[in-house]
Amino acid sequence: MLYSALKRSFDLAVSLTFVLLFFWVFAIIWAVVRLDSPGPALFRQARVGRNARTFICYKFRTMFVATPQVATHEVSELAVTRVGAVLRRTKLDELPQLFNVIFGQMSLVGPRPCLPNQVELIAERQARGVLSIRPGITGLAQINDIDMSSPTLLAEWDLRYLQERSIWLDARILIGTVLGRGSGDRVNRG
């Protein structure tokens, strides 16, 4: 209970502070995405959250508008825009998810939210109780280079996070993310 209260307070404090202090970064990225390819700068997509409820997740758009709504590892790398490649590599495409954190749909740290059509991953997470916690912008699996292309392995690492979660572990995951650990979800190079 104390952990949950501290985590939520930390999530809100960091997210609000970052949005207020760095709104100009959001504006620059928004403009660059719009100049790079036609379409909106923000990408909205349904994701599976806490207790398997869906919510709209926000990101800066990194792919062309006509790209199918499937898991990233199922998308060709040709779908990624020039600016999108940089945003994905630096993880700056995730910044709008700070609003999901403020709205209480996500946490800074937790299992990455999946798409509603990723039924195998949802089933693996449900079997392990992972869907009982808020998804995160970053997570233990992500900093260890485990993406959604291996649902069982990912769910096992999500369970490990669920069992070991603490303020100390969250801090280590955040620091690892800021230092560039993990490559994020990989697109299909085939």
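This report looks at one pocket and two cysteines in a predicted model.

**The second largest pocket**

Let's start with some empty space. The second largest pocket has a volume of about 420 Å³. Its lining is made up of 30 residues, and those closest to the pocket's centre are Phe43, Gln45, Arg47, Met63 and Val70. What classes of residue does the lining of this pocket have? There are 15 nonpolar residues, along with eight polar and seven charged ones.

You can also trace parts of this lining back to strands. Strand E1, which covers 42–48, and strand E2, which covers 54–60, each give at least two residues to the lining of the second largest pocket. E1 provides the largest share, with four residues.

**The two cysteines**

Now turn to Cys57 and Cys114. How many disulfides does the structure hold? The number is zero. Why is Cys57 not bonded to Cys114? The closest cysteine sulfur to that of Cys57 is in Cys114, and because the two are 11 Å apart, they are too far from each other for a bond. For comparison, a disulfide needs the two sulfur atoms to be within 2.5 Å. Seen from the other side, Cys114 is likewise in no disulfide, and its nearest cysteine sulfur is the one in Cys57.

Are these cysteines buried or exposed? Cys57 is buried, and Cys114 is buried as well. Both count as buried because their relative accessible areas are under 20%, as you can check in the table.

| Residue | Relative accessible area |
|---|---|
| Cys57 | 2% |
| Cys114 | 0% |

Notes: Residues numbered from 1 in each chain as written. Predicted model: local features only at pLDDT ≥ 70, side-chain atom pairs only at ≥ 80, totals over all residues. Heavy atoms only, no water. 1 Å grid on protein atoms, 1.4 Å probe; cavity = no way out; pocket = protein on both sides within 12 Å on 5 of 7 lines; lining within 4 Å. Points joined across faces, edges and corners; volume = space filled by probe spheres on them. Nonpolar A, V, L, I, M, F, W, Y, C, P; charged D, E, K, R; others polar. Buried < 20%, exposed > 50% of the residue type's maximum accessible area, 1.4 Å probe, protein only.
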